[in-house]
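This note is addressed to a colleague who is meeting the structure for the first time. Please read the points below with the sequence and the coordinates at hand.

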Amino acid sequence: QVQLVESGGGLVQAGGSLRLSCAASGRTFSGYAMGWFRQAPGKEREFVAAIPWSGGTTAYADSVKGRFTISRDNAKNMVYLQMNSLKPEDTAVYYCAAKMGGLKWDYWGQGTQVTVSS
C-alpha cells in the first residue's frame, strides 16, 4: 500500500500562485509514476499532470500547459504541483495519485481544495 496526503490548497485570487504537495508513505515509493487530477463541482475528475519515476518527460492537460509544473523529490517521497497564473476555472479539489504501470492509477490521496476567486 502507498498512502498519499496532499497539502497546500487554499483560496487565492485570479492570477495568483499556489504550490501543492503530496507526501507518499507506506511501501517503497520507488518505481511509481505520480499524477495530479482535479474535480470541480458537478464535473468529472480530470487529469492535470503526470511525472514518471525518473522525473523525465512530464505530461500536462492542455488547460494547464505553461501555467502548472509537476515535479518530484524521490529522496523525500514528495511530489509537487506548482500552479501559476491561476484562473477561476482552476477551482477544484486536487488529488494526488500513484501507479506502478499501465493505465490504471492504483493509489489516491484524499484531496485538497483549491479555490480561485475572480
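The numbered points go from the chain as a whole to individual residues.

1. Status of the model. The structure discussed here is a predicted model. The values in this note should be read with that in mind.

2. Secondary structure. The chain contains 11 strands and 0 helices. Followed along the sequence, its pattern is β-β-β-β-β-β-β-β-β-β-β. Several of these strands, and the loops between them, return in the later points.

3. Overall dimensions. For 118 residues, a compact globule would be expected to have a radius of gyration near 13 Å, and the chain agrees with this because its own value is 13 Å. The C-alpha trace spans about 40 × 25 × 25 Å along its principal axes.

4. Burial, surface and contacts. Of the 118 residues, 43% count as buried. The chain exposes about 6,000 Å², and carbon and sulfur atoms supply 50% of that area. Among contacts with a separation of 6 or more, 54% are made by residues 24 or more positions apart.

5. Charges. The chain carries 12 positive and 8 negative charges. The mean positions of these two groups are 4 Å apart.

6. The disulfide. Which residues does the disulfide join? The structure holds 1 disulfide, and it links Cys22 to Cys96, with an S to S distance of 2.1 Å. The pair connects distant parts of the chain: Cys22 belongs to strand β3 (residues 18-26) and Cys96 to strand β9, 74 residues apart. The link is left-handed, with -80 degrees about the S-S bond. Both cysteines are buried.

7. Ser21, beside the disulfide in sequence. Ser21 is found in strand β3, the strand that also holds Cys22. Is Ser21 buried or exposed? Its relative accessibility is 14%, so Ser21 counts as buried, the cut-off for burial being under 20%. Leaving out residues up to four places away in sequence, Ser21 touches Val5, Glu6, Ser7, Trp36, Met78, Val79 and Tyr80.

8. Tyr94, in the strand of the second cysteine. Tyr94 lies in strand β9, where Cys96 is also placed. Tyr94 has a relative accessible area of 0% and is therefore buried. What does Tyr94 touch, not counting residues up to four places away in sequence? The residues in question are Glu6, Leu20, Trp36, Phe37, Arg38, Val48, Phe68, Leu81, Met83, Gly111, Thr112 and Val114. Glu6 and Trp36 appear in this list and are also touched by Ser21. The C-alpha atoms of Tyr94 and Val12, which are 82 residues apart along the chain, are separated by 14 Å.

9. Tyr60, in a further strand. Tyr60 lies in strand β6 (residues 59-60). With residues up to four places away in sequence left out, Tyr60 touches Phe47, Val48, Ala49, Lys65, Phe68, Thr69 and Ile70. Val48 and Phe68 are among these residues, and both are also touched by Tyr94. Tyr60 and Gly35 are 25 residues apart in sequence, with a C-alpha to C-alpha distance of 9.6 Å.

10. The loop between β7 and β8. Where does Asn74 lie? Asn74 is in the loop between β7 and β8, and Asn77 is placed in the loop between β7 (68-73) and β8 (78-83). Asn74 has a relative accessible area of 26%, so it is partly exposed. Asn77, at 26% relative accessibility, likewise counts as partly exposed. Apart from its neighbours within four places in sequence, Asn74 is in contact with Phe29 and Trp53. The C-alpha atoms of Asn74 and Gly55, 19 residues apart along the chain, are separated by 8.9 Å.

11. Backbone angles to inspect. Asn77 has a positive phi of about 55 degrees although it is not a glycine. Ser85, which is not a glycine either, has a positive phi of about 50 degrees. Ser85 is placed in the loop between β8 and β9 (92-99). At 41% relative accessibility, Ser85 counts as partly exposed.

Methods
Residues are numbered from 1 along each chain as its sequence is written. This is a predicted model: local features need pLDDT of at least 70, side-chain atom pairs count only at pLDDT 80 or more; totals for chains, interfaces and linings use all residues. Side-chain values use heavy atoms; hydrogens and water are left out. Helices (H or I, at least four residues) and strands (E, at least two) are DSSP runs, numbered from the N terminus. Buried means under 20% relative accessible area, exposed over 50%, partly exposed in between (1.4 Å probe, protein chains only). A disulfide is a pair of cysteine sulfur atoms within 2.5 Å. The radius of gyration is taken over C-alpha atoms; the globule rule is 2.2 Å times the number of residues to the power 0.38. Contact means heavy atoms within 4.5 Å. Accessible areas come from the Shrake-Rupley method with a 1.4 Å probe; for residues, only the protein chains shown count as cover. Lys and Arg count as positive and Asp and Glu as negative; His and the chain ends are not counted. The place of a charge is taken as NZ of Lys, CZ of Arg, CG of Asp or CD of Glu.
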